[in-house]
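Let's take a walk through this protein together, with the sequence and the coordinates side by side. Keep your viewer open as you read.

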Amino acid sequence: MSDSAKLTHLNDAGQPAMVDVGAKQPTRRVARARSRVVLGPEIMALVKEGDLPTRKGPVFQTAILAGIMGAKRTSELIPLCHPLGLDNCQVTIEVDGPDAVLIECTATVTGKTGVEMEALTGASVAALTIYDMCKALSHDILIQETRLISKTGGKQDFHHAG
């Protein structure tokens, strides 16, 4: 971190404050986040035709919808986030080895502030939905590695090196 780095959601008195983006020009902004969910080989063995069928419905399809809904409601969940009218939000879920799935959420907006929190929220809510729908099978499910993968269109682009 540089010496000039500072928390943006604090005012001069150190109190929480929303960032004023009024003077910024709108730009196209895209953020991509990822969560990994370790279900275990027993649950993963139940995956058929790219999804996990349960009495509650298809797990991955339901998680995709929940992730999109979560991304759209980020400002209601995270204090000081600006409400954004997303241009697009895509959630994908793919098998990652014999015991896990990877969730990616890509959020896009043309606006004055970034969409990192929307992408992170979308990936997180999708992961939580998978946990909720599979918890009857195991409580050893592990949600791990929720992170920002990339962001573009703001003051500073970011791409995770990994």
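What follows goes from the strands to the pockets, and then to the residues that a database record singles out.

One thing to keep in mind from the start is that this is a predicted model.

Let's begin with strand S1, which covers residues 27-38. S1 and strand S5, residues 100-111, run antiparallel and are joined by twelve bridges. To find the register in your viewer, look at Ala31, which stands opposite Ala107 in S5. S1 also runs antiparallel to strand S6, and eight bridges join these two. Here a handy marker is Val37, with Ile143 of S6 standing opposite. S1 therefore has two antiparallel partners to look at, S5 with twelve bridges and S6 with eight. As you follow any of these strands, remember that side chains in a regular strand alternate between the two faces of the sheet.

Just ahead of S5 is a loop worth a stop. Asp99 sits in this loop, which links strand S4 (88-96) to S5. What does Asp99 touch, once its neighbours within four places in sequence are left aside? The contacts are Arg36, Val37, Val38, Leu39, Gly40, Pro41 and Met44. Val37 in that list is the residue that stands opposite Ile143 in S6. Met44 is 55 residues away from Asp99 along the chain, yet their C-alpha atoms are separated by 5.7 Å. With a relative accessible area of 25%, Asp99 is partly exposed, because its value lies between the 20% limit for buried and the 50% limit for exposed.

Now to the pockets. The largest pocket has a volume of about 1,100 Å³. Its lining is made of 26 residues, and the closest to the centre are Thr8, Lys24, Glu116, Lys151 and Lys155. Which elements each supply at least two residues of this lining? They are S1, helix H4 (116-134) and S6 (142-152). H4 gives the largest share, with three residues. In terms of chemistry, the lining has ten nonpolar residues, along with eight polar and eight charged ones.

A UniProt record brings us back to this pocket. In an unreviewed entry, UniProt places the feature "binding site" at Leu80, Cys81, His82, Met117 and Glu118. These residues are spread over 39 residues of sequence but cluster in space, with a largest C-alpha distance of 12.8 Å. The lining of the largest pocket includes Leu80, Cys81, His82, Met117 and Glu118.

Two of these residues deserve a closer look. Leu80 lies in the loop between helix H3 (74-77) and S4, and Cys81 is found in the loop between H3 and S4 as well. Are they buried or exposed, or something in between? Leu80, at a relative accessible area of 28%, is partly exposed. Cys81 has a relative accessible area of 15% and counts as buried, because that value is under 20%. Beyond its neighbours within four places in sequence, Leu80 is in contact with His9, Pro16, Ala17 and Met18. Cys81 touches Met18 too, along with Thr74, Ser75 and Met117, again not counting residues up to four places away. Met117 is itself among the positions that UniProt gives for "binding site".

From here we can move along H4. Thr121 has its place in this helix and is buried, with a relative accessible area of 9%. Leaving aside neighbours within four places in sequence, Thr121 is in contact with Gly70, Ala71, Thr74, Leu77 and Ile78. Thr74 is therefore a residue to pause on, because Cys81 touches it and Thr121 is in contact with it as well.

Further along H4 we meet Asp132. UniProt lists Asp132 for "active site", also in an unreviewed entry. Its relative accessibility of 33% makes Asp132 partly exposed. Asp132 is one of the residues that line the second largest pocket, whose lining also includes Leu46, Pro53, Arg55 and Met133. This second largest pocket has a volume of about 220 Å³. Strand S2 (53-54) and H4 each supply at least two residues of its lining, which divides into six nonpolar, one polar and four charged residues.

Conventions: Residues numbered from 1 in each chain as written. Predicted model: local features only at pLDDT ≥ 70, side-chain atom pairs only at ≥ 80, totals over all residues. Heavy atoms only, no water. 1 Å grid on protein atoms, 1.4 Å probe; cavity = no way out; pocket = protein on both sides within 12 Å on 5 of 7 lines; lining within 4 Å. Points joined across faces, edges and corners; volume = space filled by probe spheres on them. Helix = DSSP H or I, 4+ residues; strand = E, 2+ residues; numbered from the N terminus. Nonpolar A, V, L, I, M, F, W, Y, C, P; charged D, E, K, R; others polar. Pairing = 2+ DSSP bridges. Buried < 20%, exposed > 50% of the residue type's maximum accessible area, 1.4 Å probe, protein only. Contact = heavy atoms within 4.5 Å. UniProt positions renumbered as here; feature names shortened; annotations may be inferred.
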